[in-house]
Amino acid sequence: MTDIVPSHVRSRMMSRVRQKGTRPELRIRKIVSAIGVKYRLNVRTLPGQPDLANKRRRWAIFVNGCFWHGHKNCRKTRASDRYRIPANRPGFWDAKFRDNRSRDARNYVGLRKLGFRVLIIWECDLRNATELSERISRFVSTRPAIQETQ
Ligand SMILES: [Zn+2]
């Protein structure tokens with residue numbers, strides 16, 4: 001497979017995809033810890049391996065990179081050259097982002113079927129730390145509506 005992206009750029013990009021404990025994620029952990037609720041990281045037994053989750057209280061948080069998860073209407077990815085889709089392979093990237101988005105959507109549905117509430121935090125949400133802390137606080141403090149799964 002030929003590739004238009006230089007190999008060192010490619011490997012940096014790919015490492016970002018799988019990387020855990022990224023900076024946005026670390027910030028979210030700090031916020032959740034400050035609220036004082038318990039959580040587990042990268043829970044493999046749940047759909048999509050949520051970045052943070054509490055099985056007993058049935059919530060899951062995903063911290064999504066705006067570029068790889070194809071954040072629609074994202075100010076960050078729109079404004080920055082760093083995130084611009086390579087112009088000579090638009091079809092490839094469109095398909096890639098579409099795949100990522102539909103995989104994400106399947107995972108969220110899977111979690112909801114298990115009675116989990118799901119909070120998706122976008123990388124660009126970190127720009128407003130106060131608003132974000134409040135959102136997370138409300139989310140983790142809410143009791144699950146559904147207590148039983150079928
Ligand atoms: Zn975004």
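**Figure 1. The surroundings of I61 in strand β3**. Leaving aside neighbours within four places in sequence, I61 is in contact (heavy atoms within 4.5 Å) with I28, V32, P50, D51, L52, L119, I121, I136, F139 and V140. This is a predicted model, in which local features need pLDDT of at least 70, side-chain atom pairs count only at pLDDT 80 or more, and totals for chains, interfaces and linings use all residues. Residues are numbered from 1 along each chain as its sequence is written, and side-chain values use heavy atoms, with hydrogens and water left out. I61 counts as buried because its relative accessibility is 0%; buried means under 20% relative accessible area, exposed over 50%, and partly exposed in between, with a 1.4 Å probe and protein chains only. One of the contacts, V140, is 79 residues from I61 in sequence, yet the two C-alpha atoms are 9.4 Å apart in space.

**Figure 2. F62, also in strand β3**. Here we look at the residue that follows in the chain. F62 has a relative accessible area of 6%, so F62 is buried. Not counting residues up to four places away in sequence, F62 touches P47, G48, Q49, P50, D51, Y108, L111, V118, L119, I120 and I121. Look for I120 in this view: 58 residues separate I120 from F62 along the chain, while their C-alpha atoms are separated by 4.9 Å.

**Figure 3. The zinc ion and its protein donors**. Which atoms of the protein are donors of the zinc ion? They are the SG atoms of C66, C74 and C124 together with ND1 of H71, lying 2.0 to 2.4 Å from the ion. Donors here are N, O and S atoms within 2.8 Å of the metal (3.2 Å for Na, K and Ca); water is not among the atoms, so sites may look incomplete. Angles of 105 to 116° are subtended by the 4 donor atoms, and therefore the arrangement is tetrahedral. For four donors, that word requires all angles to lie between 85 and 135 degrees. Along the sequence, the spacing of the donor residues reads C-x4-H-x2-C-x49-C. C66 is buried at a relative accessible area of 2%, and C74 is buried at 1%. The structure holds 0 disulfides, a disulfide being a pair of cysteine sulfur atoms within 2.5 Å.

**Figure 4. H69 and its partner D104**. H69 sits in the loop between β3 (59-64) and α3 (75-79). Is H69 buried or exposed? With a relative accessible area of 19%, H69 is buried. The side chains of H69 and D104 are joined by a polar contact of 2.7 Å. Such a contact is a pair of N or O atoms within 3.5 Å; within protein, one must be able to donate a hydrogen and the other to accept it, and residues adjacent in sequence count only if both atoms are side-chain atoms. Beyond its neighbours within four places in sequence, H69 is in contact with N64, R101, D104 and W122. K72 lies in the loop between β3 and α3 as well, but K72 counts as exposed because its relative accessibility is 57%. The C-alpha atoms of K72 and R101 are separated by 9.9 Å, with the two residues 29 apart along the chain.

**Figure 5. Helix α4, residues 90-113**. At 1.5 Å a residue, the 24 residues of α4 should span 34 Å, and the end C-alpha atoms are 35 Å apart, which agrees. The expected span is 1.5 Å times one less than the number of residues. Helices (H or I, at least four residues) and strands (E, at least two) are DSSP runs, numbered from the N terminus. Several residues of α4 are buried, among them W93, F97, D104, Y108 and L111. After the helix comes G115, with a positive phi near 90°.

**Figure 6. Two loop residues with a positive phi, N42 and R58**. Most residues other than glycine have a negative phi. N42 has a positive phi of about 45° although it is not a glycine, and N42 lies in the loop between β1 (40-41) and β2 (52-54). R58, likewise not a glycine, has a positive phi of about 55°; its place is the loop between β2 and β3. N42 counts as buried at 18% relative accessibility, and R58 is buried with a relative accessible area of 18%.

Terms used:
Tetrahedral: all angles 85-135°; square planar, octahedral: opposite > 155°, others 65-115°.
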